[in-house]
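Okay, thanks for squeezing me in. I'd like to walk you through one structure today, so let me put it up on the screen.

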Amino acid sequence: SPLAKRLVDFRGAAFSQDGQWLALANGGQVVVRNLTTGQEMPTFKAQLFIQGLAILSGPKWVVTAGLEAPIINVWDFTTQEKKFSLPGHNLTISTIYVSPDERRMASSTIGSEPIKIWETQGWNEVASIEGRPGFRLLRGSFLQDGNTFSGLEVNPETQAVDARLWRAPSWAEINATEAKEPPSTDFGGPGKTESTQP
C-alpha cells in the first residue's frame, strides 16, 4: 500500500496519544495522516533534518527538533504554520515525549544535559530534570498520571544502565500552591510583593 511504502521511506514516525494521527518525517519534511479517515495533510518543510518528532491531537500540532539548532518548533499541521519556538537546550535534541493527556512534553538531547519538561497550554518550561552525571537518556515515557516521567539512562563509556522515575507536581498541587501565594500589586515601591512560580 502507499502508506506501507511511505513508512519504509520515512526515517521518523510519531503517533498521537489517541492513535488517530500519524506524523512521518523524512529529512526535514513532515506529513501527517489521519489513520481513521485516511485524510493526508499537505507535506511541509519543518527543519533541515528532524531528530525529534511528536504529534498532539487536541490542538492539532506537530512538534519537531532538528540538527541545525537546539530549538523545538511547534507547528499547526492543518495549516503547516509554525506557532512556537522553544529554546532552552544547548545540545542537539534527540527525543520528544508527550504525556497521555497531552498536557506535558519532555525533551532530551544527545548528551547528558538535563531533560526539559514543558506544559503544552502556553508552551512554558516547567521543570529541568538532572540525570546521573555521565549518563544520557536512552528512552523515556510519561506514566498514565501525566505527572511522572520514567527514563532509562545509559553511560556511553561504561555501558551501565539506570532506570529512574521523576515526579512533577500535579496540576491540582500547582493550582493549590498558586492560590496560597500573596497577590502581586500593580505598582512599584517598597510595599510591592511578587508571586513566584513553583
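Let me begin with one residue: in which strand does S150 lie? S150 sits in strand β14, which covers residues 148–154. And just so we're clear, this is a predicted model.

Next thing to ask about that serine: is S150 buried or exposed? The relative accessible area of S150 comes out at 16%, and since buried means under 20%, S150 counts as buried. Who's around? If you skip the neighbours within four places in sequence, S150 has contacts with R139, G140, S141 and L143, and also with R164, L165 and W166.

Okay, let's move over to the sheets. One open sheet has 4 strands, in the order β5-β6-β7-β8, and the pairing is antiparallel. The edges are β5, residues 50–56, and β8, residues 81–86. Each of those has a single partner strand, so one side of each has no neighbour in the sheet. On average, neighbouring strands here are turned by 20° against each other, ignoring direction. In the middle of that order, β6 (residues 61–66) and β7 (residues 72–76) pair antiparallel over 5 bridges. If you want a pair to click on, take W61, whose bridge partner in β7 is D76.

Now another open sheet of 4 strands, again antiparallel: the order is β9-β10-β11-β12. Which strands stand at the edges here? Those are β9 (93–98) and β12 (124–129). With just a single partner strand each, they have one side left without a neighbour in the sheet. The twist in this sheet averages 25° from one strand to the next.

Let's go through the pairings one by one. β9 pairs with β10, residues 104–109, antiparallel and over 5 bridges, and there you'll find I93 opposite T109. Then β10 pairs with β11, antiparallel over 4 bridges, with R104 standing opposite E119. Those two strands make a hairpin with 5 residues between them. Last up, β11 and β12 pair antiparallel over 5 bridges, and E119 turns up here too, opposite N124 in β12. That's a hairpin as well, with 4 residues between the strands, and in it W123 takes a positive phi near 55°.

I want to stay on β11 for a second. How many of the residues of β11 are buried? It's 5 of the 5, residues 115–119, so the strand is largely enclosed by the rest of the structure. And both faces are covered. On one side you've got I115, I117 and E119, on the other K116 and W118, all buried. So yes, a glutamate and a lysine are on that buried list.

One more residue and I'm done: M105, which lies in strand β10. Its relative accessibility is 0%, so M105 counts as buried. Again leaving out neighbours within four places in sequence, the contacts of M105 include I96, Y97 and V98. Also among them are K116, I117 and W118, and W123, the residue with the positive phi, is in contact with M105 too. V63, I72, L86, T120 and F142 are on that contact list as well.

How far apart are the C-alpha atoms of M105 and G146? They're separated by 9.3 Å, while the two residues are 41 residues apart along the chain.

That's what I had, so let's go to your questions.

Notes. Residues numbered from 1 in each chain as written. Predicted model: local features only at pLDDT ≥ 70, side-chain atom pairs only at ≥ 80, totals over all residues. Heavy atoms only, no water. Pairing = 2+ DSSP bridges. Axes fitted to C-alpha atoms, helices over the stretch in contact; angles between N-to-C directions. Buried < 20%, exposed > 50% of the residue type's maximum accessible area, 1.4 Å probe, protein only. Contact = heavy atoms within 4.5 Å.
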